[in-house]
Amino acid sequence: MAQIGFIGLGNMGGPMVRNLIKAGHSLKVFDLSEEAINFAVQSGATAASSVKDAAVGVEFVVTMLPVGANVKEVFMDDGVLAAADPGTVMIDSSTIDVETAQAAHAAAKAAGFDMIDAPVSGGVTGADAGTLTFMCGGEKGSFEKAKPILEAMGKNLVHCGDAGLGQVTKICNNMLAGINALAAAEAMVMGERLGVPRETLYNVISTSTGNSLYFENFNPMPGVCSGSAANNNFKPGFMAKLMLKDLRLSQSAAQSSSTATPLGAAATAAFQHLIENGFGDLDTTSIIKLIDPDVK
Ligand code: NAD
């Protein structure tokens, strides 16, 4: 069993740490939030006093941070890469921009470390259940080294290609998820306003051509499917501001690849509007509040 440093113990990192401990690994954990560290310690992890402390004396470092600037700071600004023992394998599971991911790979390589970008899909439910999908970029050999660790947290481990291509795959996925969230909200509000009960709409559409994984499992209309944060006053889950971050990443990727993404652009504008209205810390399903501010 492995010694693992884990940095970023939020909605996703917290349950990922618990699954690594359950699988028998030893965890040294760090977060800017003391509360998050204490919670992980209660599950059997050891508290580290800093980013660098979490990276010393371990065989793997896993990071689960909000944005690229955090990843740059944690790895490159006198952080993990300056402190880790030779041979440590770096796994960044944050969803970040391709450029920062590739810069982190290059810095890790220059310092002699294996690294993969390994963003995930499956949400907090998948993190809890250990059923995440990992989309990995980097050298195949680095992916193979990381695999036994990823297996404790996920079910579907995919090598997508070179450095940064895990992030590209993730951004394409989340552009679709954002579009599907908005589309589900529009259809559910419109159908109910025209007189069809929400349960009927859900039952029919979730077995018809309008279905999506988002519609079926994270429906933004409260009360129609059991796993949705909409049933719990839109408590995240996956915060709307993180969805906006990913949609923005998709739009800069669209620009850099000269790809027209009109639906991606519409979803980005909708989430931006939602966040300007003060709902950024709610779950992504709260996009329905843009269509019906009084939804219950
Ligand atoms: P979160 O905000 O709940 O957790 C992030 C944690 O990182 C926080 O506890 C924060 O204190 C910590 N942190 C930030 N900067 C730090 C630093 N410099 N040093 C140490 N700790 C630091 O976010 P989350 O929902 O867990 O998401 C993390 C990443 O996973 C994001 O990139 C997100 O897009 C992605 N993601 C989230 C979900 C989801 O459903 N929540 C699903 C898939 C992917």
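A polar contact is a pair of N or O atoms within 3.5 Å. The exercises below apply this cut-off and others to a predicted model.

**Exercise 1. Ligand surroundings**

Task: Establish which residues come nearest to the ligand, and which backbone atom lies 2.9 Å from an oxygen atom of the ligand.

Solution:
1. The ligand has 25 residues around it, of which Asn-11, Met-12, Asp-31, Pro-66 and Lys-245 come nearest.
2. For the oxygen atom, the partner at 2.9 Å is a polar backbone atom of Pro-66.
3. A nitrogen atom of the ligand is 3.4 Å from a polar backbone atom of Leu-32.
4. A nitrogen atom of the ligand also lies 3.3 Å from a backbone N or O atom of Gly-237.
5. The cut-off for a polar contact is 3.5 Å; the listed distances are 2.9 Å for Pro-66, 3.4 Å for Leu-32 and 3.3 Å for Gly-237.

**Exercise 2. The loop before H12**

Task: Locate Gly-237 and state whether its peptide bond from Pro-236 is cis or trans. Then describe the backbone at Asn-233.

Solution:
1. Gly-237 is placed in the loop between helix H11 (213-217) and H12.
2. The Pro-236 to Gly-237 peptide bond is cis, its omega being near 10°.
3. Asn-233 belongs to the loop between H11 and H12.
4. Phi of Asn-233 is near 55°, a positive value although the residue is not a glycine.

**Exercise 3. Packing of H9 with H12**

Task: Characterise how helix H9 (residues 165-193) and helix H12 (residues 240-256) cross.

Solution:
1. Their axes come within 9 Å and cross at roughly 120°.
2. H9 is therefore oblique to H12.
3. The handedness of the crossing of H9 and H12 is left-handed.
4. On the H9 side, Lys-170, Ile-171, Asn-174, Met-175, Ala-177 and Gly-178 take part; they meet Met-243, Asp-246, Leu-247, Leu-249, Ser-250 and Gln-251 of H12.
5. Sorted by class, the contact of H9 with H12 comprises six nonpolar, four polar and two charged residues.

**Exercise 4. Packing of H12 with H13**

Task: Describe the packing of H12 against helix H13 (residues 262-276) and the classes of residue in their contact.

Solution:
1. The angle is about 145°, and the axes are 9 Å apart.
2. The crossing of H12 with H13 is left-handed.
3. H12 contributes Ala-240, Lys-241, Met-243, Leu-244, Leu-247, Arg-248 and Gln-251. From H13 come Gly-264, Ala-265, Ala-267, Thr-268, Phe-271, Gln-272, Leu-274 and Ile-275.
4. By class, the contact of H12 with H13 has nine nonpolar, four polar and two charged residues.

Technical notes
Residues numbered from 1 in each chain as written. Predicted model: local features only at pLDDT ≥ 70, side-chain atom pairs only at ≥ 80, totals over all residues. Heavy atoms only, no water. Axes fitted to C-alpha atoms, helices over the stretch in contact; angles between N-to-C directions. Helix = DSSP H or I, 4+ residues; strand = E, 2+ residues; numbered from the N terminus. Parallel < 35°, antiparallel > 145°, perpendicular 65-115°, else oblique. Left-handed = near helix turned anticlockwise from the far one by under 90°. Contact = heavy atoms within 4.5 Å. Nonpolar A, V, L, I, M, F, W, Y, C, P; charged D, E, K, R; others polar. Near = heavy atom within 4 Å. Polar contact = N/O pair within 3.5 Å; in protein donor to acceptor, adjacent residues only side chain to side chain.
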